[in-house]
Amino acid sequence: MSTLVDTRRVHVRDLRVRYAPGEPFVLDGVDLDLHDGETVALLGASGSGKSTLMKALTGFAPISSGEAHVGAHDLTRLRAKQLREVRSQIGQVFQQYNLIGRLSVLTNVLTGTLYNAGPVNLLGTFSSADRRRALELLDRVGIAHKADEQARTLSGGQQQRVAIARALMQNPRLILADEPVASLDPRMSHTVLSLLQSIARDEGIPVLVSLHVLPLALAHSDRIVGLRHGSVVVAGRTSELDTDALAPVYDALGDEEDA
Ligand SMILES: Nc1ncnc2c1ncn2[C@@H]1O[C@H](COP(=O)(O)OP(=O)(O)OP(=O)(O)O)[C@@H](O)[C@H]1O
Ligand SMILES: [Mg+2]
């Protein structure tokens, strides 16, 4: 074993994914590295493969060829037990929040522990230490005062922050956020994305966040990866990119459906 500290949490090379034999590849030769502490924005038109790339990292999309590692796990040869383990280490945030609306905000955050616990009775089984931690995390995302409210009574921005607290409850080694601000107004989009970026830095884990709005990607990421038709067409440090450099991704807007 090398004694060098490898901050690379995710390592993907020449990844090819298709959903059925004989169909075109949805991801066709994708390279991706995610380092601890950094936020990487994933850009691409609808259908370019952003969600599929995230699904490949959680074992929900079939890998045809290439390399894909999350930590020590080789995603191309996982058994069921290892797959559960790798999924438990990945916090996921979705456009539609995926909270349980009739449960309290606090209980929703506590469900994040279930990934580690395996199947347990959902209600009434959480330890007081877990409850304290869930409250701390709600405080961190700025909505501790909503802990006892039903999740469905919160605004979209508040619900997304609950979802982020729930992901943190897993003690994730990686966060995948698939269009987490697509349903939020511009101000709340900035709030949620700067929260994700500060989590990446503070926790020392990578955050991969797919976005449709280029200025948001330029404002809230350390690196940008742009997909077009399942291939990486732009990759670089955000500080070295501008809208012109991202044009290959822009140009793709609207034409994926015809591909
Ligand atoms: N479960 C599936 N079975 C078959 N094809 C799929 C499946 N999921 C996605 N696809 C196809 O894979 C391609 C990429 O889809 P994907 O959802 O990864 O795109 P995306 O970049 O996330 O798009 P969007 O911005 O609309 O969310 C599309 O052509 C889509 O139709
Ligand atoms: Mg998608």
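Four strands build an open sheet in the order β2-β1-β4-β5, and their pairing is antiparallel. At its edges stand β2 (27-35) and β5 (73-74), each of which pairs on one side only. The model described here is predicted.

**The antiparallel sheet**

Strand β1 covers residues 8-17 and runs antiparallel to β2, with 7 bridges joining the two. One pair can be named: Val12 has Leu32 in β2 as its bridge partner. A helix covers part of this sheet. Helix α1 (residues 50-57) lies across β1, β2 and β4 (63-70). The angle between α1 and β1 is about 115°.

**The mixed sheet**

A second open sheet has 6 strands, in the order β6-β7-β8-β3-β9-β10, and its pairing is mixed. Its edge strands are β6 (90-94) and β10 (231-237); each has a single partner strand, so one side of each is left without a neighbour in the sheet. On average, neighbouring strands of this sheet are turned by 15° against each other, direction ignored.

Three strand pairs show how the mixed pairing is made up. β7 and β8 run parallel and are joined by 4 bridges. Here Ala177 stands opposite Val209 in β8. Strand β3 (residues 39-44) also runs parallel to β8, through 5 bridges. In that pair Val40 stands opposite Leu208 in β8. Strand β9 (residues 223-228) runs antiparallel to β10, and 6 bridges join them. Leu227 has Val232 in β10 as its bridge partner.

What is the burial state of β8? For strand β8 (residues 207-211), 5 of the 5 residues are buried, so the strand is largely enclosed by the rest of the structure. Val207, Val209 and Leu211 point one way from β8, while Leu208 and Ser210 point the other way. Both sets are buried.

**Helix α6 and strand β7**

Helix α6 (residues 156-169) lies across β6 and β7 (174-178). Its direction is at about 170° to that of β6. The helix has 14 residues and reaches 20 Å from its first C-alpha to its last. That is close to the 20 Å expected at 1.5 Å a residue. Of its 14 residues, 13 are buried, so α6 is largely enclosed by the rest of the structure. Asn171 follows α6 and has a positive phi, near 50°.

Ile175 belongs to strand β7. Is Ile175 buried or exposed? Its relative accessibility is 1%, so Ile175 counts as buried. Leaving aside neighbours within four places in sequence, Ile175 is in contact with Gly91, Val93, Leu168, Ile199, Ile205, Pro206, Val207 and Leu208. Several of these fall in elements already described. Val207 and Leu208, for instance, point in opposite ways from β8. Ser46 is 129 residues from Ile175 in sequence. In space, the two are 21 Å apart, C-alpha to C-alpha.

**Loop residues**

Most residues other than glycine have a negative phi. Two loop residues with positive values are set out below, with their accessibility.

| Residue | Phi | Loop | Relative accessibility |
|---|---|---|---|
| Asn98 | near 55° | between β6 and α3 (105-110) | 42%, partly exposed |
| Glu179 | near 50° | between β7 and α7 (186-203) | 15%, buried |

The loop between α5 (128-140) and α6 holds Asp148. At 72% relative accessibility, Asp148 counts as exposed. Tyr115 lies 33 residues from Asp148 along the chain, and their C-alpha atoms are separated by 22 Å.

**Rings and charges**

How many aromatic pairs are there? With ring centres required to lie within 6.5 Å, the count comes to 0 aromatic pairs. Phe rings do have charged residues over their faces. Arg16 lies over the face of Phe25, at 4.0 Å from the ring centre. Arg87 lies over the face of Phe60, and its distance from the ring centre is 3.7 Å. Arg16 falls within β1 (residues 8-17).

Methods
Residues numbered from 1 in each chain as written. Chains lettered and ligands numbered in written order. Predicted model: local features only at pLDDT ≥ 70, side-chain atom pairs only at ≥ 80, totals over all residues. Heavy atoms only, no water. Phe/Tyr/Trp six-rings, centres within 6.5 Å; stacked < 30°, edge-to-face > 60°. Lys NZ or Arg CZ within 6 Å of the ring centre and 35° of its normal. Pairing = 2+ DSSP bridges. Axes fitted to C-alpha atoms, helices over the stretch in contact; angles between N-to-C directions. Contact = heavy atoms within 4.5 Å. Expected span 1.5 Å × (residues − 1). Buried < 20%, exposed > 50% of the residue type's maximum accessible area, 1.4 Å probe, protein only.
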